[in-house]
Amino acid sequence: MHLEARLAVIRSFLPERRQEASAHLRGYADLPGVTPDERTLLGLLAQTGRYEVWPAEEVAATARRALAGGAYFEDCTGSAEALVAWVVALVALISADGVEDARQEIDRAKKRVHRHGSPVEFAMVCNPAIFLHWQLGDVAFVEAEAEGVLAALSQEDPVAHVIASRATATHFGAYGALERGDVDGAAGLLDRFAAEHSDVPSVIPTIWLHEPRAAVALARGNPDLARAEAFAQRDRLHAVGVDPPTISWRAPAVRALLLLGEHREARALADELLAVARKWNTPTEVGAALRVLAHADPDNRLDLLTESTTVLDRSPARLHLARALVDLGEALRVAGRRTEARDPLHRAADLATDCGSTALRTRAAAALEALGDRPRKPVSAGVEALTASERRVADLAVTGRANREIAQELFVTPKTVENHLGRIYTKLGINGRRELARALT
């Protein structure tokens, strides 16, 4: 069983062995998960279920059996290779909207890895935390954590799990930059990853990077390149039998095709996306897919966006909800239903502010201004000026941690923390820690 678990971990990184690995893992679906090796196999089976779009409820149950209420992490601490299945089981659970169980698991793991972990273990624990907080819509956390992962791994050898962790941090760091409207920053992260990993083996997490590249191309007004990147992800995923609704290539492809005037193909892909999301069957993915379909189906746009917001209200995905609310408000305004447009736009602006999405808040504010209104919730210019790393240090400092404790938690030097705090005080216009909590609220 131990050899089977080791073999499964190795195969999990290799695109060309994924389907073979899937067939093999299915033979372990009935394992009770009472030993570390059984939990490894179940964690990788949960990943397979996410890749192949089994019902989310079934995948979540498999992931929970693998995680065993924290027992698996306790068993695998000290072995980066053993952590692989823990990471992918958590990602599968988060994808299935099991965010509360995932949050508890990550909180326990972070406390342990901060006391005893290596930089690689720190990064591997942070990666599912990044995905969790992206699903929850915490842009500042995502950017800061992604930056921390890349810093912690900067001197590590490019073995498979290190490449995968860097790819994931790059992916979500680019998402965060785009939400702040920093298109060049997002492109810079993706370009740096490509330059630093041009001669290393390809692993499955690197395939997902086509999707944020497509998003960057759309932000730069290049739908041809966006379509090419989206279809490159499609082709690479289909070659290995993977087509999950999360991080779908279809969403940017639909937007690109609409901009290129290829409405029939865009509608077909949007229908496919919704079908895949319904097969997975979580509020997050169904609601997000309904929003994409609304763009490709103008005749039913208002109904689809209304359904999207209703479904996403049952989801933990606040950014997805904010996007759907902006779209609904704009569609109502264009339809001449100006009074009805105000509430979704105000909700969207509030959510975007809470999430830290400058780009989305700007959209909502512009739509409200067109109605002669403005967002209810003000934005603090000082807090907005903090970088992701500065905000992360500030959040830890207000808990009472000393500089050395913050440095240990972030795998940086105390001098780095001291420098961050100096810049934080200057940007917020305060004199020290005593004023920090008030300035951050």
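This briefing describes the enclosed spaces and the charged side-chain pairs of one protein structure. The model is predicted, and its residues are numbered from 1 along each chain. The structure holds three cavities of 30 Å³ or more, and it also holds 33 salt bridges. Two of the cavities and three of the salt bridges are taken up below, together with a network of salt bridges.

**The largest cavity**

- Rolling a probe the size of a water molecule over the atoms shows where empty space is left.
- The largest cavity contains about 430 Å³ of space, and its lining is made up of 24 residues, of which V87, V88, V91, T168 and P205 are the closest to the centre of the cavity.
- Five elements each give two or more residues to the lining of the largest cavity, namely α3 (36–52), α6 (80–95), α8 (119–136), α10 (160–179) and α12 (204–207).
- The element that gives the most to this lining is α10, which supplies seven residues.
- When the lining residues of the largest cavity are sorted by class, 16 are nonpolar, seven are polar and one is charged.

**The second largest cavity**

- The second largest cavity holds about 70 Å³ of space, and the residues that line it are A8, R11, S12, R18, A21, S22, L25, L44, Q47, T48 and Y51.
- At least two residues of the lining of the second largest cavity come from each of α1 (2–12), α2 (18–25) and α3.
- By class, the lining of the second largest cavity consists of five nonpolar, four polar and two charged residues.

**A salt bridge between R39 and D75**

- Side chains of opposite charge can pair when their charged atoms come close.
- In one such pair, the side chains of R39 and D75 form a salt bridge, with a distance of 2.3 Å from N to O.
- Because R39 belongs to helix α3 and D75 to helix α5 (residues 71–76), this pair ties together parts that are 36 residues apart in sequence.
- R39 counts as buried because its relative accessibility is 9%, with buried meaning under 20%, whereas D75 has a relative accessible area of 39% and is partly exposed.

**A salt bridge between E272 and R250**

- The side chains of E272 and R250 also meet in a salt bridge, where the distance from N to O is 2.9 Å.
- E272 is found in helix α16 (residues 263–280) and R250 in helix α15 (residues 250–259), so the salt bridge ties together parts that are 22 residues apart in sequence.
- E272 is partly exposed, at a relative accessible area of 36%, while R250 is buried, at a relative accessible area of 4%.

**R363, D327 and a network of salt bridges**

- R363 and D327 are partners in a salt bridge, and their closest N and O atoms are 2.8 Å apart.
- Since R363 lies in helix α21 (residues 358–370) and D327 lies in helix α19 (residues 318–334), the pair ties together parts that are 36 residues apart in sequence.
- The relative accessible area of R363 is 30%, which makes this residue partly exposed, whereas D327, at 5% relative accessibility, counts as buried.
- R363 and D327 also belong to a network of salt bridges, in which they are linked with R291 and E330.

Definitions and conventions. This is a predicted model: local features need pLDDT of at least 70, side-chain atom pairs count only at pLDDT 80 or more; totals for chains, interfaces and linings use all residues. Side-chain values use heavy atoms; hydrogens and water are left out. On a 1 Å grid over the protein atoms alone, a cavity is a set of points where a 1.4 Å probe fits but cannot get out, and a pocket is an open set with protein on both sides within 12 Å along at least five of seven lines; lining residues have an atom within 4 Å of a point. Grid points are joined across faces, edges and corners, and a volume is the space filled by probe spheres set on the points. Helices (H or I, at least four residues) and strands (E, at least two) are DSSP runs, numbered from the N terminus. Ala, Val, Leu, Ile, Met, Phe, Trp, Tyr, Cys and Pro count as nonpolar, Asp, Glu, Lys and Arg as charged, and the others, Gly among them, as polar. A salt bridge is a side-chain nitrogen of Lys or Arg within 4 Å of a carboxyl oxygen of Asp or Glu. Buried means under 20% relative accessible area, exposed over 50%, partly exposed in between (1.4 Å probe, protein chains only).
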